[in-house]
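Colleague: Could you take a close look at one part of this model for me, the strands and how they pair? I would also like to hear how that part relates to the surroundings of the ligand.

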Amino acid sequence: MKQPPVLRDGPVTLKMANDGDVPELIDYYQRNQVFLRPFSPPWPENMFEPDIWPGRLAAQWDEFLQGRGCKLYLFDGTRIIGSVGLSGIQRGPFQACFLGYELDEHVQGKGLATRAVKLVTHYAFVELGLHRIQANYMPANERSGKLLRRCGFTVEGYARDYLYINGTWADHVLTSLTNADLLKP
Ligand SMILES: CC(C)(COP(=O)(O)OP(=O)(O)OC[C@H]1O[C@@H](n2cnc3c(N)ncnc32)[C@H](O)[C@@H]1OP(=O)(O)O)[C@@H](O)C(=O)NCCC(=O)NCCS
């Protein structure tokens, strides 16, 4: 079986979640729902019901095993405090994917998301052999824009009505990082 990554840098540990993590996942999303929902695609109505999570996690494992994505959670011990995910992996001449991330409201401003995104971009280029990572953010989401700049992403454009976020089609700033950027001094 393809080995799932476990990525570490200082206080940051990123790994895929299993059924045993469901209580922590529900706790994470419950305590962050007011904070995260303005930046998130619609959540299922039953997001906090344990029964839906084994199916959601099985879908994440399928995506990983089929090479289509990799959803990693940021662990502080057994507690979940964020996530970083690669999705829409395409091979052929594109060798690209999308990046998404989020962090517990109460641990922001310490550089944890920066460390986590850097670990995952390194994994995408070195272990998965991808060439390009695309990450897009809403113009008002300054923390997200700053995070991407810190991690070396550059702005490539602007897309109107790009993603359905928090009940509306939201414009996004388009950015990317390539493995050539990573090798720059
Ligand atoms: C986007 C998001 C992950 C950014 O979180 P964040 O806490 O700002 O990012 P980090 O954890 O990397 O912390 C960076 C901050 O810590 C500071 N910091 C402290 N120590 C640091 C260190 N060792 N390394 C880097 N930064 C450090 C930085 O200066 C920065 O603060 P500043 O923005 O005031 O300059 C978070 O705001 C979030 O989850 N938002 C909601 C979901 C979301 O928007 N997702 C993205 C959709 S596109």
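Modeller: Happy to! Let's start with β3, residues 70–76, and β4, residues 79–90: these strands run antiparallel and are joined by seven bridges. Keep in mind throughout that this is a predicted model. For a register point between the two strands, take L74, whose bridge partner in β4 is G82. The hairpin of β3 and β4 has two residues between the strands, and G77 there takes a positive phi near 65°.

Stepping back along the chain for a moment, there is another glycine with a positive phi just after α3: G67, at about 75°. Helix α3 itself covers residues 53–65, and its geometry is easy to check. The expected span is 1.5 Å times one less than the number of residues. For the 13 residues of α3 that gives 18 Å, and because the end C-alpha atoms are 18 Å apart, the helix agrees with the expectation.

Now follow β4 onward. This strand also pairs with β5, again antiparallel, through seven bridges. Here S83 is the residue to look for, as it stands opposite E102 in β5. The hairpin of β4 and β5 has five residues between the strands, and G92 in the turn has a positive phi of about 60°.

β5 is also where the strands meet your ligand question. This strand, residues 96–103, supplies at least two residues of the shell around the ligand, as do α4 (112–127) and α5 (142–150). The largest share comes from α5, with four residues. In total, 18 residues surround the ligand, and the closest are Q108, G111, A113, T114 and R143. Sorted by class, the shell has eight nonpolar, six polar and four charged residues.

That leaves the strands further along the chain, where β8, residues 168–178, is the one to follow. With β6, residues 132–137, β8 pairs in the antiparallel sense over six bridges. A135 gives you a handle on that pairing: the bridge partner of A135 in β8 is T175. β8 pairs with β7, residues 154–165, as well, in the antiparallel sense over eight bridges. On that side, L163 stands opposite A170 in β8. Finally, the hairpin of β7 and β8 has two residues between the strands, and N166 takes a positive phi near 50° there.

Methods:
Residues are numbered from 1 along each chain as its sequence is written. This is a predicted model: local features need pLDDT of at least 70, side-chain atom pairs count only at pLDDT 80 or more; totals for chains, interfaces and linings use all residues. A residue is near a molecule or strand if its C-beta atom, placed from the backbone, lies within 6 Å of it. Ala, Val, Leu, Ile, Met, Phe, Trp, Tyr, Cys and Pro count as nonpolar, Asp, Glu, Lys and Arg as charged, and the others, Gly among them, as polar. Two strands pair if DSSP finds at least two bridges between them.
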